[in-house]
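These are my notebook entries on a structure I went through element by element, written down in the order in which I looked things up.

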Amino acid sequence: MDLDKNELLGRVSIFSVLADEELKVVGAHCQWSTYSKNQTVLDESDSSTDVFFVIEGSVSAKGFSLNGKEVTYTFISQGEMFGEFAAIDNQTRSASIQPMEDAVIARMSSADFKSILHAYPKVAVRFAEHLVQKLRYLTNRVFEFSTMSVGYRLHAELLRYCMESGVRDNTAKIEPAPTHYEIAARISTHREAVSRHLSQLETTGIVEASRKSIIVLDVNRLRNIVNAFGTDGS
């Protein structure tokens with residue numbers, strides 16, 4: 001971390017509205033830790049209630065069925081947060097958190113987080129916007145799992161990756177490429193199905209895939225396929 005901690009904290013979405021002096025107050029309530037890839041940050045059903053902010057890197061939120069099947073709920077990128085549900089309602093965790101790469105994470109107690117929300121209404125508004133965005137995302141996911149075949153779920157997931165990676169000239173480069181297993185865990189299927197449907201997308205000229213990256217060559221075409229099924233992938 002070459003930058004000042006308060007400057008880094010200001011890159012967290014809900015704190016980006018704060019002035020430097022206000023960030024110092026918030027930063028005084030944070031504890032900072034560095035995690036390596038796949039190291040456990042939180043276990044599912046953990047009883048702690050701290051809230052976490054991803055300063056550098058990214059993490060995945062996942063759960064496991066009784067027979068051990070892994071389900072990836074979402075990815076949480078730099079500038080985003082997790083653990084906010086338990087911080088608000090004091091219930092046990094609903095997901096396990098693991099870094100997808102080396103990550104720097106700041107944590108804050110539930111009591112301090114609630115105090116910050118009361119002290120800075122503009123942060124509370126950004127937090128409310130964050131929760132609404134999360135609800136919209138989950139609504140789309142429920143729709144996809146309830147109505148879409150595996151192939152269409154893959155299309156929607158690839159479109160999300162495109163939006164996260166950035167689209168330029170109707171092309172998006174997803175790098176580093178998620179493994180077929182990681183994609184399968186996100187869309188509730190198996191690795192072989194992901195491989196089969198990605199191959200079909202390569203045959204039709206929409207995708208060019210390698211171990212290092214997935215290049216979506218025609219994002220508009222992919223978006224039209226997803227929109228035709230009633231979701232915009234957002």
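I began with a pair of helices, α6 and α9, and noted that their crossing is left-handed. I keep in mind throughout that this is a predicted model. By class, the contact of α6 with α9 has 10 nonpolar, 1 polar and 1 charged residues. I then listed who meets whom: from α6 I have Tyr152, His155, Ala156, Leu158, Leu159, Cys162 and Met163, and facing them from α9 I have Val219, Leu222, Arg223, Ile225 and Val226.

For the geometry I recalled that two packed helices are described by the angle between their axes and the distance between the axes. The axes of α6 and α9, the latter covering residues 219-227, come within 9 Å and cross at roughly 135°. The two helices are therefore oblique to each other.

Next I looked up the other helix partner of interest, α5 (residues 121-147), whose axis comes within 10 Å of that of α6, with a crossing at roughly 155°. That angle is over 145, so I entered α5 as roughly antiparallel to α6. The crossing of α5 and α6 is left-handed. Here the contact residues divide into 3 nonpolar, no polar and 5 charged. On the α5 side I wrote down Tyr137, Arg141, Glu144 and Phe145, which meet Arg153, Ala156, Glu157 and Arg160 of α6. Ala156 is listed for α6 in its contact with α9 and is listed again in the contact with α5.

I then turned to the sheet, an open one of 4 strands with antiparallel pairing, and copied its order as β8-β9-β11-β10. Why does one side of β8 and of β10 lack a neighbour in the sheet? Both β8 (167-168) and β10 (207-209) stand at the edges and have a single partner strand each, so one side of each remains without a neighbour.

I followed the pairings in turn, starting with β8 and β9, which run antiparallel and are joined by 2 bridges. Arg168 stands opposite Thr171 of β9. These two strands form a hairpin with 2 residues between them, and in the turn Asp169 has a positive phi of about 55°. From β9 I went on to β11, joined to β9 by 3 bridges in an antiparallel arrangement, with Ala172 opposite Val216. Between β10 and β11 (residues 214-216) I found 3 bridges, again antiparallel, and there Ala209 has Ile214 as its bridge partner.

In a regular strand the side chains alternate between the two faces of the sheet. I checked this along β9, where Ala172 and Ile174 point to one face and are buried, whereas Thr171 and Lys173 point to the other and are not. I also placed α6 (residues 150-165) relative to the sheet: this helix lies across β8, β9, β10 and β11 and runs at about 90° to β9.

Two single residues close the entries. Is Glu22, in helix α2 (residues 20-27), buried or exposed? Glu22 has a relative accessible area of 19%, which is under 20%, so I recorded Glu22 as buried. Leaving aside neighbours within four places in sequence, Glu22 is in contact with Tyr120 and Lys122. His190 sits in the loop between α7 (180-187) and α8 (191-203) and is partly exposed, with a relative accessible area of 42%. The C-alpha atoms of His190 and Val150 are 9.6 Å apart, although 40 residues separate them along the chain.

How values were computed: Residues are numbered from 1 along each chain as its sequence is written. This is a predicted model: local features need pLDDT of at least 70, side-chain atom pairs count only at pLDDT 80 or more; totals for chains, interfaces and linings use all residues. Side-chain values use heavy atoms; hydrogens and water are left out. Two strands pair if DSSP finds at least two bridges between them. Contact means heavy atoms within 4.5 Å. Axes are lines fitted to C-alpha atoms, for helices over the stretch in contact, and angles run from 0 to 180 degrees between N-to-C directions. Angles under 35 degrees count as roughly parallel, over 145 as roughly antiparallel, 65 to 115 as roughly perpendicular and the rest as oblique. A crossing is left-handed if the near helix is turned anticlockwise from the far one by less than a right angle, and right-handed if clockwise. Ala, Val, Leu, Ile, Met, Phe, Trp, Tyr, Cys and Pro count as nonpolar, Asp, Glu, Lys and Arg as charged, and the others, Gly among them, as polar. Buried means under 20% relative accessible area, exposed over 50%, partly exposed in between (1.4 Å probe, protein chains only).
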